Amino acid sequence: MADVRLRRYHAEVWNEPVITEMGRSGERGIRISGAGEEIREAVGDARSYIPSKMRRGRPPRLPELSQPHVLRHFLRLSRQTLGMAVNIDIGLGTCTMKYSPIVNEDLLRLPEFADLHPLQGEETVQGILEIVHRFAAFMKEISGMDEFTFQPGGGAHGIYTNACIIRKYHEVQGELGQRDEIITTLFSHPADAACPATAGFKIISLYPDGETGLPDIEALKAAVSERTAGAMITNPEDTGIFNPRIDEFVEIVHEAGGLCAYDQANSNALFGIARAREAGFDMCHFNIHKAFSSPHGCMGPACGAVGVREELAEYLPVPVVVFDGSGYRLDYDRRHSIGRARQFHGNLEAIVRAYAWVMSLGAEGLRKVSETSILNTNYLIRRMSGARGVSMAYPKQAVRLDQVRFSLQELKEDTGVGTDDVSRRVVDFGVQEYFTSHHPWVVPEPFLPEPCETYSKEDIDRWVAIIHRICEEAYADPEIAKTAPHSQTISKIDQEMLNDPARWAMTWRAYERKHGKGE
Ligand SMILES: Cc1ncc(COP(=O)(O)O)c(C=O)c1O
């Protein structure tokens, strides 16, 4: 990789205190003048409107700062962050980190969207309802499903919604007592096990074949029974390997009386190529906040789009946006609805962004997204070859779709440098740390890049060159990676602390209690 020039990078360091440690008593950003005499006369004492037992005994202990101090504080913090828009985040596999066009943010800030209130009457929000309805039509075409809801607030929430639909379906059939098992595969996203478990099911995980990485169909045949409620499966799995026999898997579960839910969060490589319907699935979910270019907000304003076949449309969370020939309305009349997945209508801003994204691409553009993403992944695999100490998991599967799982086991054995060390070291090159794998690690010392369609050949070359460089460096001087990062705002942190309830704190008050005031 001698042909790629790596960038020099060093983060800003401000040693910024937390905001509660800043300011002085009485310092103010805005001074709000008291109510005028006329108002006071008309309204009286505002405090009298709050029952005395609900009133505070003393003012809350909030930071007291002037405007410039607040501005400086947050700007400094933002500059200490390696932002998504300044780095190449190819390393965040099973997330589909991609460029989210900034023009879509402008759209969202139009008052027609920004000033909407979820309690407005239907007749006053026809525009946004039309967008939701039209976007649902796109999703039906993309998946082959018949109806969609966009209420769930993320991918795992979408999977949970599907698990609730499966539960309700068997309840209506009078079989819930008997059907209490959900089958998944080990390389499906862990939410495909965790969410049905939360919905009360027992989970059976099918292990991958040691050579091909594919889930074993014979194991599935042995697992299904009259207790099978359904299967919840990711495909391509979190290795980037596509199970070409997925329709047979679905058939086996159907024959046993179960329903099948397709986790399509890895759909970035499937647009216009393969659909849930043709594979036989009864329902599916997409991560709108990832595959459809809406930013992946770290548990933030996400959207898990859930699609179902007509037979299950009665089970969807309400309300569903429908068109009655003259206008759009909210349909609450679903006989077996699982209820609400969340309040109001979900994160509609994710829908507006995704709608704009799909409109800008069209059907051909969407297919190109997938073709480019597959091409990028396989180009990355070729460029990675020869990286010292790195191997691809399940090498018999030469072609991967949206992502690929590698192993640094050899590097670890040879140098003591493991995947966590390399992940910390990449940030010294101005690149976000990469995702290793969900736990437990089935592939030893793993990492999972996902170079979707928005990365250029140059981006991929640069990212791969960083991995080559770090691996070479590990053989020459392993301490560099083991003590990384060196060019960041903070250096290596004590991970043990994160697992020690006596030391971590979720709130400032808890922090003070555990560490003493002023520390
Ligand atoms: C395949 C798959 N399923 C489900 C999820 C969970 O999505 P979320 O993080 O939005 O809950 C992810 C997350 O990346 C995923 O990759």
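The paragraphs below lead through a predicted model, beginning with the ligand and moving on to the cavities, the largest pocket and the strands.

The ligand is a convenient place to enter the structure. Around the ligand there are 14 residues, and those that come nearest are Thr94, Gly155, Asp263, His289 and Lys290. Sorted by class, this shell has three nonpolar, eight polar and three charged residues. Several of the nearest residues also appear in polar pairs with the ligand: a polar backbone atom of Thr94 lies 2.4 Å from an oxygen atom of the ligand, while an N or O atom in the side chain of Asp263 lies 2.6 Å from a nitrogen atom of the ligand. The side chain of His289 contributes as well, with an N or O atom placed 2.7 Å from an oxygen atom of the ligand. Taken alone the ligand exposes 390 Å², and the protein buries 89% of that area. Two elements, α6 (155–172) and α10 (288–291), give two or more residues to the shell around the ligand, and the largest share, three residues, comes from α6.

From the ligand the reader can turn to the enclosed spaces. A search of the whole structure finds two cavities of 30 Å³ or more. About 40 Å³ of space lies in the second largest cavity, whose lining includes His289 and Lys290, two residues that are also among those nearest the ligand. Met84, Thr96, Met97, Lys98, Ser100, Ser293, Ser294, Pro295 and His296 are further residues that line the second largest cavity, and by class the lining has three nonpolar, six polar and two charged residues. The largest cavity also holds about 40 Å³ of space; among the residues that line the largest cavity are Ile142, Ser143, Gln264, Leu270, Phe271, Arg275 and Phe286. Its lining has six nonpolar, three polar and one charged residues.

The open spaces come next. The largest pocket has a volume of about 860 Å³ and is lined by 25 residues, with Ser423, Arg424, Val427, Gln432 and Glu433 lying nearest its centre. In this lining ten residues are nonpolar, eleven are polar and four are charged.

The remaining stops on the tour are strands. Strands of a sheet pair through backbone hydrogen bonds, either parallel or antiparallel. In this model, strand β8 (residues 320–323) and strand β9 (residues 328–331) pair in the antiparallel sense over four bridges. Val320 has Asp331 in β9 as its bridge partner, and Phe323 stands opposite Tyr328 in β9. The two strands, β8 and β9, form a hairpin with four residues between them, and in the turn Gly325 has a positive phi of about 100°.

Farther along the numbering, three strands form an open sheet in the order β10-β11-β12, with antiparallel pairing. The edge strands of this sheet are β10 (391–392) and β12 (446–447), each of which pairs on one side only. Between β10 and strand β11 (residues 406–407) the antiparallel pairing runs over two bridges, and Met392 stands opposite Phe406 in β11.

How values were computed:
Residues numbered from 1 in each chain as written. Predicted model: local features only at pLDDT ≥ 70, side-chain atom pairs only at ≥ 80, totals over all residues. Heavy atoms only, no water. 1 Å grid on protein atoms, 1.4 Å probe; cavity = no way out; pocket = protein on both sides within 12 Å on 5 of 7 lines; lining within 4 Å. Points joined across faces, edges and corners; volume = space filled by probe spheres on them. Nonpolar A, V, L, I, M, F, W, Y, C, P; charged D, E, K, R; others polar. Near = heavy atom within 4 Å. Polar contact = N/O pair within 3.5 Å; in protein donor to acceptor, adjacent residues only side chain to side chain. Areas by Shrake-Rupley, 256 points an atom, 1.4 Å probe, with all protein chains shown as cover. Pairing = 2+ DSSP bridges.
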